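Please look through the structure shown here, with attention to how its side chains pack. The text below goes from ring contacts to the nonpolar cores and then to a pair of helices.

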Amino acid sequence: MERGGSREEAVKVWLAAFSAGLALAPCAVATAQENGKLNILCAADDAWCAAMQLAYESKSGVQTTMVRKSTGEILEQVRREKDAPTVDVWWGGTGDTHLQAASEGLLEAYASKNEAELLPWAQNFFTLSGGQSAGIYAGALGFAYNNDLLQRQGLAVPSCWKDLIGQAYRGKILAGNPNSSGTAFTMLATLVQLFGEEEAFSYMKALDQNVAQYTKAGSAPVKAAARGEAMIGISFMHDAVTQKEAGAPLVIVAPCEGTGYEIGAVSIIRGTKNREEARKFVDFALSPEGQATGAAAGQNQVPSNAKAALPSGAPDLSLIKMVDYDFATFGKPEERGRLLSRFDTDIHPPSQ
């Protein structure tokens, strides 16, 4: 077994330490109960959501509710509740969706005291959002295949996006649905930027012949590939690394044509009744301590704080051929809506 065993033990020790710290703060918790809970929607992996919640509660003594949803689902909820929000903070998920929420007036501007410590790509994202959303991590898009299944069936190794449309992979691929999955929308926007829109949709129509299922969550495809339920999963590479480190027979691929990337973000919902506590949560999310919860929960994204430790399994983004991802264009509501409508019409109708 690879490093998965030692990592699991490390996570158990880390969680136990935070649980002990939580038990030592009864007075602070009592105050939080009087003032109500901080309500957070999380679009990161379930394990990271739980670790982040426990870490923040332990440090602050404030009770939280942390509900995990896909990025697109969160955006729809925030839209529905814009006149009477039940959510205080949106943590995690692809940045272009946060940018869309910012452009629709759904978020509140806040400049964290930790913003100056962030890497340039995160500072640029903060500026692009009009100060309404902050970058917390970065990760590159790719795919992973189950090497045991591939060898057993004697199939060629895929190295490029266009390899995935070969007839040999019919019914062997899982991908996210861009209507709910921020990962999948990043893929859609990436292909448009790589190939041009018409060629990108022609490609996706061919790929659709090989996709067995479009999942709600973006990490689900590589998790299924790790379990041997699919041969190939299209997801962010850091999600595949987490599965590989746990012992799955995955081979992770950065497509030869190039690929896109995400900036995961954190935002305060406009109209929150817990504004000060929401700001404190954002401060924690951008701190080295808060960002360390990712590695502790087995996640391998690149943290945005320059002082945060890089997870040992984080892909080296400098070695990956990247598109110059246009967050400004693909974070616009009209562009996102137009591409999703075309995906539903040309590639995968919602009823399917």
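**Rings, cores and a helix contact**

Arginine 336 lies over the face of phenylalanine 185, 4.5 Å from the ring centre. The model is predicted. Arginine 342 is placed over the face of phenylalanine 201, at 4.3 Å from the ring centre.

Rings also pair with each other: the structure holds twelve aromatic pairs. In one of them, tyrosine 56 and phenylalanine 284 are tilted, with 5.6 Å centre to centre and 55 degrees between the planes. Tyrosine 56 belongs to helix α3 and phenylalanine 284 to helix α12, so this pair ties together parts 228 residues apart in sequence. Tyrosine 56 is buried, with a relative accessible area of 4%, and phenylalanine 284 is buried with a value of 4%.

Phenylalanine 125 and phenylalanine 327 form an edge-to-face pair, 6.4 Å centre to centre with 80 degrees between the planes. Because phenylalanine 125 lies in helix α6 and phenylalanine 327 in helix α14, the pair ties together parts that are 202 residues apart in sequence. Both rings belong to one aromatic cluster with Tyr261, Tyr325 and Phe330.

The largest nonpolar core has 42 residues, and Trp161, Leu164 and Leu207 are among those with the most contacts inside it. Helix α8 gives the largest share of this core, seven residues. A second, separate core of 30 residues includes Ile40, Trp48, Met66 and Tyr110.

Phenylalanine 284 also takes part in a helix contact: with Ala285 and Leu286 of α12, Phe284 meets Pro288, Glu289, Gly290 and Gln291 in α13. By class, this contact has four nonpolar, two polar and one charged residues. The axes of α12 and α13 come within 4 Å and cross at roughly 65 degrees.

Key: Residues are numbered from 1 along each chain as its sequence is written. This is a predicted model: local features need pLDDT of at least 70, side-chain atom pairs count only at pLDDT 80 or more; totals for chains, interfaces and linings use all residues. Side-chain values use heavy atoms; hydrogens and water are left out. Axes are lines fitted to C-alpha atoms, for helices over the stretch in contact, and angles run from 0 to 180 degrees between N-to-C directions. Helices (H or I, at least four residues) and strands (E, at least two) are DSSP runs, numbered from the N terminus. Contact means heavy atoms within 4.5 Å. Ala, Val, Leu, Ile, Met, Phe, Trp, Tyr, Cys and Pro count as nonpolar, Asp, Glu, Lys and Arg as charged, and the others, Gly among them, as polar. A nonpolar core is a set of buried Ala, Val, Leu, Ile, Met, Phe, Trp, Tyr and Cys residues joined through side-chain atoms within 4.5 Å. Buried means under 20% relative accessible area, exposed over 50%, partly exposed in between (1.4 Å probe, protein chains only). Rings of Phe, Tyr and Trp (its six-membered ring) pair if their centres lie within 6.5 Å; planes under 30 degrees apart count as stacked, over 60 as edge-to-face and the rest as tilted. A charge sits over a ring if NZ of Lys or CZ of Arg is within 6 Å of the ring centre and within 35 degrees of the ring normal.
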